[in-house]
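Subject: Structure handover, with notes on strands and cysteines

Dear colleague,

Here is the structure that I promised to pass on to you. Please keep it open beside this message while you read, so that you can look up each residue in turn.

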Amino acid sequence: MRPIIPGFFPDPSVCRAGDTYWLACSTFEYAPGVPLFRSTDLRSWDQVGNVLAHPSQLDVSRATPSGGVLAPTLRHHDGRFWMITTNFTDGGGQVLTWADDPAGEWADPIRLPGVIGFDPDLTWDDDGTCYLTYSGYGAGGHLGIVQQLFDLEKGVVLGEQRRLWNGTGGKSPEGPHLYRIGEYWYLLIAEGGTERGHAATIARATSPAGPFEPCPDNPILTARGTDAPVQSTGHADLVQRADGTWAIVYHGVRPRGGTPQWHVLGRETFAAEVEWVDGWPRIGAPIEPDEASVAASDELAGDILPASWVAPFGFPESVFTRTPEGWRLRAQGPVLVGRRQQHLSATARVVVDPTGGVGGASIWIDPRHRLDLEVTDGRVRAIAHVGELTTVLGEAPLTDPGRATLELRAVPNDVATYLPGGAAPDHVAAGVVDGEEFTELGRLDGRYLSTEVAGGFTGRLFGCWAEQGSILVRSFTYCGTVARQ
């Protein structure tokens, strides 16, 4: 099963306007925030930008790894697009913005600091009444899925929280989406935690306020307790096509290696057909991209940074600027600018001039779990960081101290074993290129750059990094292949 959007693009929310589908995902500590994708067939998606694209719209400077922007909801209503999410670490609560053209500029958000919770959802009644549904907190702690009326014109909530549903008994009921379909209001949520117990469950009521009757076939989506190649499936959103048929998007992970297995790309976005039976949705055949669209080759070219490029804890443009010779990366402490690893087999080649600084290339899941190629004093070193441990795996002199061609490779493991602690999910190799000859300086078991080891909700990035001064990035090339997808 192939994701429709591979790599660290979790918590998908989808809507349709005419013949075009729009999809947004969460970004946590990375900026710009909430990537926006467009499709006409639900199979092939292009990133057209980011909803929270400017510093005036997003502050992740105080975020910790896996803090920041949580799950968004994207909706089209009465000719306008709306996106609501939670910035978990800037103290402002919920973030609401809108646009008439989603591929253009989005308004600077308004904040809802009095809405205590996360994973907000918006939906409307026939008379225009807007309902704000979210995973709420109160004096008693986590309240499950709650709801308040919302005045969009004034940007204020109305009335007290009303509790809707706590799911079917799984932990962490969250990620609600409320829909009016026929005579019923359907409440789709995630529960079971976003790990291997993850699931999507659904309930319905004749009123948006409930009471909600759970589907007798819950969970309608889960991989728990199975040997499916895609695990931790959940956090879903429904969308209706123009012809009246339905589909669902959701996230999941592709674990590899020996027991307990590890996933390295983060939670990715998948899709499937939906059929309605006896008034309830049932998951059908997977929706997958064409085989030809799975491979990718991406170069850092032109004068504008691609929309796919991000930085943790701040915007790339604050440290990464275009010059006639390339891109200048300035250290403010250790900094990283890069793009997601989206393929199980992937390579990034970075050509740098380190004169005046210390830095190079990195494959990174967070600041404490990464593999760096560091160029300084005419030498290049492969340095592994795993928690509190830092190890130099190998080093070599540069033939040209003013120019280094660095390469990082994620190589799937060919050893098939499910023994505890057995085969790694992959190996990450770091080295230098002279001409077309690659010299490996070090190799790291890929589990140490996995979510199961690092913790949190994100995935790997390939990028350029600097720790002191500044370095000149002359070129960056990413190549992902279809192998072992």
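The notes below go through the sheets and strand pairs, and then turn to the cysteines.

Please keep in mind from the start that this is a predicted model, and that the values below were computed from it.

I begin with the sheet that contains β1. Four strands make up this open sheet, in the order β1-β2-β4-β5, and their pairing is antiparallel. Its edge strands are β1, residues 13–17, and β5, residues 46–52, each of which pairs on one side only. If direction is ignored, neighbouring strands of this sheet are turned by 25° against each other on average. Within the sheet, strand β2 (residues 20–24) pairs with strand β4 (residues 33–39) in the antiparallel sense, and 4 bridges connect the two. To find this pairing on your screen, you could start from tryptophan 22, whose bridge partner in β4 is arginine 38.

Another open sheet of 4 strands follows the order β10-β11-β12-β13, and here too the pairing is antiparallel. At its edges lie β10 (117–124) and β13 (156–165), each pairing on one side only. Neighbouring strands of this sheet are turned against each other by 30° on average, again with direction ignored. Inside the sheet, strand β11, which covers residues 130–138, is joined by 9 bridges to strand β12, which covers residues 141–151, and the two run antiparallel. In this pair, leucine 132 stands opposite glutamine 148 of β12.

Next come the pairings of strand β8. Residues 93–99 form this strand, which is mostly covered, since 6 of its 7 residues are buried. Strand β7 (residues 80–87) pairs with β8 over 7 bridges in the antiparallel sense, and methionine 83 stands opposite threonine 97 in β8. The hairpin of β7 and β8 has 5 residues between the strands, and in this hairpin glycine 91 takes a positive phi near 80°. Strand β8 is also joined by 3 bridges to strand β9 (residues 110–112), and these two run antiparallel; here glutamine 94 has leucine 112 in β9 as its bridge partner.

A further hairpin is built from β14 and β15. Strand β14, residues 174–181, is mostly covered, with 7 of its 8 residues buried. It is joined to strand β15 (residues 184–191) by 6 bridges, and the two strands run antiparallel. Arginine 180 stands opposite tryptophan 185 in β15, while glycine 182, in the hairpin with 2 residues between the strands, takes a positive phi near 65°.

Finally, how many disulfides does a search of the whole structure find? The search finds 0. Cysteine 130 shows the reasoning for one residue: the closest cysteine sulfur, that of cysteine 15, is 14 Å from its own sulfur, which is too far for a bond, because a disulfide requires two cysteine sulfur atoms within 2.5 Å. You may also wish to ask whether cysteine 130 is buried or exposed. Its relative accessibility is 3%, so cysteine 130 counts as buried, given that buried means under 20%. Cysteine 215 has a relative accessibility of 5%, and therefore counts as buried by that cut-off.

With best wishes

Terms used. Residues are numbered from 1 along each chain as its sequence is written. This is a predicted model: local features need pLDDT of at least 70, side-chain atom pairs count only at pLDDT 80 or more; totals for chains, interfaces and linings use all residues. Side-chain values use heavy atoms; hydrogens and water are left out. Two strands pair if DSSP finds at least two bridges between them. Axes are lines fitted to C-alpha atoms, for helices over the stretch in contact, and angles run from 0 to 180 degrees between N-to-C directions. Buried means under 20% relative accessible area, exposed over 50%, partly exposed in between (1.4 Å probe, protein chains only).
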